[in-house]
Amino acid sequence: MDSNGPDSWLTEAEFDQPRQVDLRTDRAHSARVYDYLLGGKTNFPADREVADRLLADLPGARDGAAAARAVMHRMVRRLAGKYGVRQFLDVGTGIPTTPNLHEIVQSVDPSCRVVYVDNDPIVLAHSRALLTSTPEGRTAYVEGDLREPEKFLADPAVAATLDLTEPVALTLINIVHFLSDEAAHPPVRRLLDALPAGSFLALSAGTADNAPDQVAVGSRRYAEAGIEVHVRSRAAVERFFAGLELDDPGVVLINRWHPELGEPSTVADSEVSVYGGLARKP
Ligand SMILES: C[S@@+](CC[C@H](N)C(=O)[O-])C[C@H]1O[C@@H](n2cnc3c(N)ncnc32)[C@H](O)[C@@H]1O
């Protein structure tokens, strides 16, 4: 698994956002804990403390994080390759990690366009690494919250990057487990309603179905750091796809989701606590 290379690291001089951003480095944040688990460099002592406690209890957590990231690679490869999708709206992007979504889909077709959305200021601080588009394509970064889709959909960068009359793949990879059903379902529906027929939803979400004891420990570690985690049964994850046409093999543990489309992985079911699925809007 590649980790953040020097190319994805913004120096302080490059950090040219127009306003002061409070990164709250004193508190752990899900994006930075995940970055540390993936072997990245964009994390601080508070994040590493949570991740190290997690690793002490769950030595397989790094493999689990790598598997959670890798399913994004395979899903967008299939979307761009098999389904010819050329527009992507990725909400809950995370800290840039090579390869980023646009790098994968633009390697299939350089004209692919991607809008990235995240609510963490540190992702914003590193967003330049997400804007390295091919000349034929385009990428944009919008600071926004999944719970407020109207706000980020109204950002001029969205209209400048995506044609919402043409199919778009909405990618929600490893984000909805930070929200309850009540908080997550309405915005996901609103986003799907905003997209035309032929659009797709790619979603992955944490579960305790597979390794309940380990997931309980992991959720407790996150909770101690003030990060809510809402794990779901397979049926509860399937609910996000209601009204859509599920692609094969349905909602499955992510290591079982089209492994042939990715890097060879030896990750065992026991290390994977995330379901994923892909579906088309009819
Ligand atoms: C575990 S990371 C996943 C990153 C990436 N999608 C991946 O799978 O590699 C979750 C990301 O979702 C973001 N996030 C969490 N809640 C969010 C919300 N309500 N709105 C937007 N982003 C959110 C976090 O800041 C973090 O960057």
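**A walk from strand 1 to the ligand**

Strand 1 is joined by five bridges to strand 2, which covers residues 113-118, and these two strands run parallel. The model in which this pairing appears is a predicted one, and it is worth keeping that in mind while following the chain. Within this pair, phenylalanine 88 of strand 1 can be found opposite valine 114 of strand 2. Together with helix 4, made up of residues 101-108, strands 1 and 2 form a β-α-β unit that is right-handed.

Strand 1 also has a second partner, since three bridges join it to strand 4 (residues 169-173), and here too the two strands run parallel. Phenylalanine 88 serves as a landmark once more, for it stands opposite alanine 169 in strand 4.

How enclosed is strand 1, then, by the rest of the structure? A residue counts as buried when its relative accessible area is under 20%, and five of the five residues of strand 1, which spans residues 87-91, are buried, so the strand is largely enclosed by the rest of the structure. The cover is found on both faces of the strand, with Gln87, Leu89 and Val91 buried on one side, while Phe88 and Asp90 are buried on the other.

From the strands we can turn to the ligand, which is surrounded by 19 residues, the closest being Arg69, Gly92, Asp118, Ile173 and Asn174. Sorted by character, the residues of this shell comprise six nonpolar, eight polar and five charged ones. Helix 1, running over residues 30-37, gives the most to the shell, with three residues.

Which atoms of the ligand and the protein lie at polar contact distance? One oxygen atom of the ligand lies 2.6 Å from an N or O atom in the side chain of aspartate 118, and an oxygen atom of the ligand is also 2.9 Å from an N or O atom in the side chain of tyrosine 34. At isoleucine 173 the backbone takes part instead, with one of its polar atoms 2.8 Å from a nitrogen atom of the ligand. Of the 600 Å² of accessible area that the ligand has on its own, the protein covers 96%.

A last stop is arginine 74, which has its place in helix 3, formed by residues 61-81. Is this residue buried or exposed? Arginine 74 has a relative accessibility of 6%, and therefore it counts as buried. Its side chain reaches the backbone oxygen of tryptophan 257, at a distance of 2.9 Å.

Terms used
Residues numbered from 1 in each chain as written. Predicted model: local features only at pLDDT ≥ 70, side-chain atom pairs only at ≥ 80, totals over all residues. Heavy atoms only, no water. Buried < 20%, exposed > 50% of the residue type's maximum accessible area, 1.4 Å probe, protein only. Helix = DSSP H or I, 4+ residues; strand = E, 2+ residues; numbered from the N terminus. Pairing = 2+ DSSP bridges. Right-handed = clockwise from strand over helix to strand, strands pointing away. Near = heavy atom within 4 Å. Polar contact = N/O pair within 3.5 Å; in protein donor to acceptor, adjacent residues only side chain to side chain. Areas by Shrake-Rupley, 256 points an atom, 1.4 Å probe, with all protein chains shown as cover. Nonpolar A, V, L, I, M, F, W, Y, C, P; charged D, E, K, R; others polar.
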